[in-house]
Amino acid sequence: MRGGWELGAAAGGPLLLCAALLAVGCALGLRLGRGLGAADRGALAWLCFDALVHFALEGPFVYLSLVGNITDSDALIASLWKEYGKADARWLYLDPTIVSLEILTVVLGGFLALVLIYAIVKEKHYRLSSPPAPRLKAPML
C-alpha cells in the first residue's frame with residue numbers, strides 16, 4: 001500500500017468540467033461587470049461560477065437521484081458523483097438527507113446567486129457590495 005492519494009482516471013472528466021465551469025463563470029462575470037469596480041467584478045465572477053455549479057453540477061445530481069440512482073447512470077455528470085461516492089456511499093443512492101439538502105442548495109443557492117448578479121449589474125440598492133459612502137467635508141473654522 002502506497003502512502004498519499006492517487007487521482008483515478010475517472011476523475012479527469014469531472015475535474016475538466018469543474019475547470020471549464022470556473023473559466024466560463026469568471027469570463028461571464030467579468031463581461032457582465034464591465035464598467036464596474038474591481039470588487040463588483042470579482043463578486044460577479046464568483047456568483048456566476050456559483051450559479052453554474054448549482055445548476056450544472058448539483059441540479060443533475062438531484063435529477064439523477066430522484067429518477068434512479070447515481071450508480072446505474074451512464075451520464076458524464078454521474079462520474080463526478082461516483083467519485084464523491086467513493087468517500088461516502090450516501091451520494092450513490094437516494095439518501096433523503098443528502099438529496100433534500102441538494103434540492104435546497106440548487107433552488108435557494110442558485111436563484112439567490114442569480115438575484116445578486118442582477119442586483120450588481122443593475123446597481124440595485126440591495127446589491128451584494130454597496131457603493132462607497134459619501135465623504136463628509138471637514139467643517140471650516
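Which residues make the nonpolar surface patch of about 1,200 Å²? Keep that in mind while you get your bearings; we will come to the patch during the tour. The model in your viewer is a predicted one.

**Stop 1: the whole chain**

Start with a cartoon view of the protein chain. You should find four helices and zero strands. Following the chain from the N terminus on, the elements run α-α-α-α. Of its 141 residues, 34% count as buried.

**Stop 2: the nonpolar patch**

Now for the opening question. Select Phe55, Tyr63, Leu66, Val67, Leu94, Leu101, Ile103, Leu104, Val107, Leu108, Phe111 and Leu114, and show them as a surface: together they make the nonpolar patch of about 1,200 Å². Two elements give two or more residues to it, α2 (38-67) and α4 (96-121). Try colouring those helices differently from the rest. The largest share, seven residues, comes from α4.

Pick out phenylalanine 55 from that selection. This residue lies in helix α2. Is phenylalanine 55 buried, partly exposed or exposed? Its relative accessible area is 32%, so it counts as partly exposed. In general, nonpolar side chains in soluble globular proteins tend to be buried together. We will visit a buried group at Stop 4.

**Stop 3: along helix α2**

Stay with α2 and hide the other helices for a moment. Helix α2 has 30 residues, and from its first C-alpha to its last it reaches 43 Å. At 1.5 Å a residue, 44 Å would be expected, so the two values are close.

Where does α2 kink? Select glutamate 58: a kink of about 35° lies there, shortly before proline 60. Then click on proline 60 itself, which is also in helix α2. With 22% relative accessibility, proline 60 counts as partly exposed, because buried means under 20%.

Bring the rest of the chain back and add valine 106 to your selection. Proline 60 and valine 106 are 46 residues apart along the chain, while their C-alpha atoms are separated by 9.7 Å. Draw a distance line between those two atoms to see this for yourself.

**Stop 4: the largest nonpolar core**

Next, select Leu57, Phe61, Leu64, Ile70, Ile77, Trp81 and Trp91, and show their side chains as sticks. Of the 17 residues in the largest nonpolar core, these touch the most other members. The elements that give two or more residues to this core are α2, α3 and α4. Helix α2 makes the largest contribution, with six residues.

**Stop 5: two salt bridges**

How many salt bridges are counted in this model? The count comes to two. Side chains of opposite charge can pair when their charged atoms come close.

For one of them, zoom in on helix α3 (residues 76-87) and select glutamate 83 and lysine 86, which both lie there. They are three residues apart, about one turn of the helix. Their side chains meet in a salt bridge, with 3.0 Å from N to O. Compare how open the two partners are: glutamate 83 counts as partly exposed at 24% relative accessibility, whereas lysine 86 counts as exposed at 63%.

Then move to arginine 90 and aspartate 88. Here too the side chains meet in a salt bridge, at 2.7 Å from N to O. Arginine 90 has a relative accessible area of 40% and is partly exposed. Aspartate 88 is also partly exposed, with a value of 23%.

**Stop 6: helix α1 and its neighbours in space**

Go back towards the N terminus and select leucine 22, whose place is in helix α1 (residues 12-32). At 42% relative accessibility, leucine 22 counts as partly exposed. Add cysteine 48: the two are 26 residues apart in sequence, and 8.8 Å apart in space from C-alpha to C-alpha.

Now select leucine 21, also found in helix α1. Is leucine 21 buried or exposed? With a relative accessible area of 10%, leucine 21 is buried. Its C-alpha is 9.2 Å from that of aspartate 50, although these residues are 29 apart in sequence.

**Stop 7: past α4**

For the last stop, follow the chain into the segment after α4 and select glutamate 123. Look at its backbone: glutamate 123 has a positive phi of about 55°, although it is not a glycine.

Terms used:
Residues numbered from 1 in each chain as written. Predicted model: local features only at pLDDT ≥ 70, side-chain atom pairs only at ≥ 80, totals over all residues. Heavy atoms only, no water. Patch = residues over 30% accessible without salt bridge, like charges linked within 9 Å, V, L, I, M, F, W, Y side chains within 5 Å. Areas by Shrake-Rupley, 256 points an atom, 1.4 Å probe, with all protein chains shown as cover. Salt bridge = Lys/Arg side-chain N within 4 Å of Asp/Glu carboxyl O. Buried < 20%, exposed > 50% of the residue type's maximum accessible area, 1.4 Å probe, protein only. Bend = angle between axes of the 7 residues up to and from the residue. Core = buried A, V, L, I, M, F, W, Y, C linked by side-chain atoms within 4.5 Å.
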